[in-house]
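Please open the model in your viewer and follow the stops below in order. Each stop says what to select and then what is there.

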Amino acid sequence: MIISVASGKGGTGKTTISTSLALSIEEEPVQFIDCDVEEPNSFIFLKPNNLKKKSATVLVPEIDKNKCTFCGLCQEICEYNALVVLKDNVLVLPELCHSCGGCSLLCPEKAISEVDREVGTIEMGKRNNIEMVYGRLNIGEAMPVPLIKMVKKYIRKNNNVIIDAPPGTSCPVIEAVKDSDYCILVTEPTPFGLNDLKLAVGVMHELNKPFGVIINRHGMGDIGVEEYCREEKIEILMKVPFEKEIAVAYSKGIPLIELYPEYKRKFQNILNMIVNIVEKKANSKIMQER
Ligand code: SF4
Ligand code: SF4
């Protein structure tokens, strides 16, 4: 089963929830996949050992000027403006290239070959029953989606998988959560939190994903999020109080369930509930197909 932890907005405490959720699973293997590749920080809490690192690369075109006739076809077909054909040169803008391979396929002179370009790294490690994989996008890279796809290739679907999704509601989040069985949306009880929660809920409906909400820093703001969830019949899975001790522990890389061990049972209850929801959904799908 794959459970994603997402939030419409950065800084809501998504990693606090995802890491404690993973740590609450005992005696079974867990894969923790950190897809927040622009700012992976879950390793600070999960502390994996024996880290292995590999380069993450994408293919980009390289032009052989001895073969190129500067006909301009590659520039014409590139939807992402990653090629600029001049009178006697072809400029490649690798940061814009989406590695579709179209230009090398269509070049009439076979003047384009594809070469590797590093966009980041994939790091892997293990601690107890948790296997961790996370991507780290190189500074200045504009496109996290290819790296998120590479990180997700490590998922073994029969495992318990927790995905820490990037914040927001755009392509990187959709790429991270689209294969999940269930999604936990973490929000905070403020007007900003509510606004971004509504956007994230819209994404869940669009993707037809079952989801529930965890309110972090409960007590700091207003009741707008709770009212919205009640009106929309959205399950509030947990409320984590707004407490200095939790913030201090976070700043020291101490997971919530290590600070407050009683939260282990609460996260386990959430996991049991999610298993039931996912099984019910799978059963009703089977019934419909019969
Ligand atoms: S399509 Fe091929 S030959 Fe034409 S400009 Fe591009 S690289 Fe050169
Ligand atoms: S591989 Fe695709 S995206 Fe990249 S430069 Fe060629 S046509 Fe453009």
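**Stop 1: Lys14**

Select Lys14 and show its surroundings: apart from neighbours within four places in sequence, Lys14 is in contact with Val5, Ala6, Ser7, Asp164, Pro167 and Val186. The model is a predicted one. Lys14 is found in helix α1, residues 14-23. Is Lys14 buried or exposed? Lys14 is buried, because 27 other C-beta atoms lie within 10 Å and the cut-off for a buried residue is 20 or more. Now add Thr187, which is 173 residues from Lys14 along the chain; their C-alpha atoms are separated by 8.1 Å.

**Stop 2: strand β1 and its partners**

Val5 and Ala6, both among the contacts of Lys14, lead to the next selection. Select residues 2-6, which form strand β1. Of the 5 residues of β1, 5 are buried, so the strand is largely enclosed by the rest of the structure. Turn on the side chains: Ile2, Ser4 and Ala6 point one way from β1, Ile3 and Val5 point the other way, and all are buried.

Next, select residues 160-164, strand β8, which pairs with β1 in the parallel sense over 4 bridges. Which residue of β8 is the bridge partner of Val5? The partner is Asp164, a residue that is also in contact with Lys14.

Then select residues 182-187, strand β9. β9 and β1 pair in the parallel sense, again over 4 bridges. Here Ser4 of β1 has Cys183 in β9 as its bridge partner.

**Stop 3: the nonpolar core**

Pick Leu185. Leaving out neighbours within four places in sequence, the contacts of Leu185 are Ala6, Ser7, Leu197, Ala200, Phe211 and Val213. Leu185 also belongs to the largest nonpolar core, which has 71 residues; Val5, Ile162, Ile163, Ile184 and Leu185 have the most contacts inside it. Select residues 191-207 as well: this is helix α7, which gives the largest share of the core, 6 residues. The core lies between domain 1 (2-29 + 159-289) and domain 2 (58-118), because both domains give residues to it.

**Stop 4: the two domains**

Colour the domains separately. The domain assignment gives domain 1 as 2-29 + 159-289 and domain 2 as 58-118. Taken over C-alpha atoms, the centres of domain 1 and domain 2 are 43 Å apart.

**Stop 5: the two ligands**

Centre on ligand 1. How many residues are around ligand 1? There are 14, and Cys68, Cys71, Leu73, Cys74 and Cys107 come nearest. By class, the shell of ligand 1 has 11 nonpolar, 2 polar and 1 charged residues.

Move to ligand 2, which 13 residues surround; Cys78, Ala82, Cys97, Cys100 and Cys103 are the closest. The shell of ligand 2 has 9 nonpolar, 4 polar and no charged residues.

**Stop 6: two loops with positive phi**

Select Lys47, in the loop between α2 (42-46) and β3 (49-63). Phi of Lys47 is near 50 degrees, a positive value in a residue other than glycine. Lys47 is partly exposed, with 15 other C-beta atoms within 10 Å.

Go on to Asn128, in the loop between β6 (112-127) and β7 (130-137). Phi of Asn128 is near 50 degrees and therefore positive, in a residue that is not glycine. Asn128 is partly exposed, with 14 other C-beta atoms within 10 Å.

**Stop 7: Glu131**

Select Glu131 in strand β7. Glu131 is buried, with 20 other C-beta atoms within 10 Å. Not counting residues up to four places away in sequence, Glu131 touches Pro29, Gln31 and Lys126. Add Leu46 to the selection: Glu131 and Leu46 are 85 residues apart in sequence and, C-alpha to C-alpha, 9.6 Å apart in space.

**Last stop: the whole protein**

Clear the selection and show the cartoon. The secondary structure comes to 11 helices and 11 strands. Along the principal axes, the C-alpha atoms fill a box of roughly 70 × 45 × 45 Å. The protein has 290 residues, and buried residues make up 39% of them. Of the contacts with a separation of 6 or more, 74% are between residues 24 or more positions apart.

Conventions: Residues numbered from 1 in each chain as written. Chains lettered and ligands numbered in written order. Predicted model: local features only at pLDDT ≥ 70, side-chain atom pairs only at ≥ 80, totals over all residues. Domains from an automatic or database assignment. Near = placed C-beta within 6 Å. Nonpolar A, V, L, I, M, F, W, Y, C, P; charged D, E, K, R; others polar. Core = buried A, V, L, I, M, F, W, Y, C linked by C-beta atoms within 7 Å. Buried ≥ 20, exposed ≤ 12 C-beta atoms within 10 Å, placed from the backbone. Contact = placed C-beta atoms within 7 Å. Pairing = 2+ DSSP bridges.
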